[in-house]
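Happy to walk through this one with you. Let's ask what lies behind a few of the labels used for it.

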Amino acid sequence: MTKFYEQSPEERRAQLIAEGALTALDAECLAESGLHADVAANLSENQIGQYALPIGVARNLTVNGVVRQVAMATEEPSVVAAASNGARLANLNGGVKASAEPHRVTAEVVFDGLANDGDAERVMAQHRALLFAVAETAHPSAVKRGGGLKELTCVRRGRFFVIQLTIDPSLAMGANLANTIAEAVATAASGLLDQPALVAILTNGSSELVRAEVTLSPATIATKAGNGAAIAAKIAALSDLAQSDPLRVATHNKGIMNGIDAAVLATGNDTRAVAAAISAYSKGQPLSTWQLEGDQLVGRIKLPLPVGVVGGAISALPKAQAALRLGGFDTVANLQMSLAALGLVQNLAALRALAGPGIQAGHMALQARALAMAAGATGTEIEAVAAKLTPKVRDLASARQLLNELRGKQ
Ligand code: MEV
């Protein structure tokens, strides 16, 4: 059988259908070129077009024993190949183990300049039941699904009095729910405190963390350039470097985000919310570590991943829903754990390449195809031109010249 990466998109969809990972309807949806005009017009103000990206699939990412096909939307040619490669290496070692803390979103109702004499705290405590009732009335359907406001605490931040609302958004990412509840609570609390709130808004900082871990036997990560033990030692050293070097850590984390961002986007989630939560949490530190433990290489990642599997654009974007079904992401925890696992194996693939042949070998072959397309090559011309774009002539002018020569010959 032809290898998955050598197949046409139609053949790949057919294989995923045969594997039971993709429904025929979702395959049709993925094959379509764009959004329905009504959907596009209603997802953005002043809509003038659609922005298309390829959706690739990271194959067989095994998380807690479940094998998942992860849709990824990205413009970077090597990312999906690296993710699949990382997943394959993890699978040689039993896959990735992951866990997620309960999914919560926090909102803040903030008052400016209230006297710090304990009065505001007392009023909130007295009317706690009322404030919970207000939150419930603001979004009764969330409460019916077992979600809604779970905790209300008061904190002082300098001159600001902050009511923190911890909300269970159930299957949604929770931004809309949190903001609706926060605004309702703000109105009620303003009445009780006799002062309008300064602001009522969710925080994109998230304290709930997702963890993933993989233990690799060095023999399984050997490359042509080095035996497994040498590669494992270099990966551990690269991890140490990311802890010590503020310039390297950005690129270390970028490699992780290559995977996470692409899957967050493909599932219709808010890439900015995820990026904001991660940057607030990581404070310039590496999101993952790789350590030699005995003779094994152990990779760990820990990060917040504020995503949902229903609501917002997710429900409006048919391809996002197809991506969620393809991955079997029926709960937020399933999606979060797979995103963390994906980030970890993406990181593994990058570090292994850096520890071995370097990344340009793999990157440039794919880059050559991108150059060929930029020069105007289509169909079989793409591969024909890319194959001739050797490192010394890998530029757009050479690609154009090669294309002209090729067409001249035909
Ligand atoms: C390229 O998009 C990502 C890498 O630079 C990540 C890394 O250096 O770890 C390969």
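The questions below concern a sheet and a surface patch in this predicted model.

Q: Why are β4 and β6 called paired strands?
A: Pairing needs at least two DSSP bridges between two strands, and strand β4 (residues 105-112) and strand β6 (residues 160-168) have eight, in the antiparallel sense, so the label applies. Among the matches, T106 has T166 as its bridge partner, and A107 stands opposite L165.

Q: How do you know that β4 and β7 pair?
A: The same cut-off of at least two bridges decides it. Four bridges join β4 and β7 in the antiparallel sense, so they count as a pair. One of the matches sets V109 against A200 in β7.

Q: What makes β5 and β7 edge strands?
A: The open sheet of four strands runs in the order β5-β6-β4-β7, with antiparallel pairing. β5 (148-157) and β7 each pair on one side only. On average, neighbouring strands of this sheet are turned by 20 degrees against each other, direction ignored.

Q: Why is β4 described as largely enclosed by the rest of the structure?
A: Buried means under 20% relative accessible area. Six of the eight residues of β4 are buried, so the description follows.

Q: What makes L198, V199 and I201 a nonpolar patch?
A: Members of a patch need over 30% relative accessible area and no salt bridge, with nonpolar side chains joined within 5 Å. L198, V199 and I201 form such a patch on the surface, with about 240 Å² of accessible area together. L198 itself is found in the loop between α8 (175-193) and β7 (199-202).

Notes. Residues numbered from 1 in each chain as written. Predicted model: local features only at pLDDT ≥ 70, side-chain atom pairs only at ≥ 80, totals over all residues. Heavy atoms only, no water. Patch = residues over 30% accessible without salt bridge, like charges linked within 9 Å, V, L, I, M, F, W, Y side chains within 5 Å. Areas by Shrake-Rupley, 256 points an atom, 1.4 Å probe, with all protein chains shown as cover. Salt bridge = Lys/Arg side-chain N within 4 Å of Asp/Glu carboxyl O. Helix = DSSP H or I, 4+ residues; strand = E, 2+ residues; numbered from the N terminus. Axes fitted to C-alpha atoms, helices over the stretch in contact; angles between N-to-C directions. Buried < 20%, exposed > 50% of the residue type's maximum accessible area, 1.4 Å probe, protein only.
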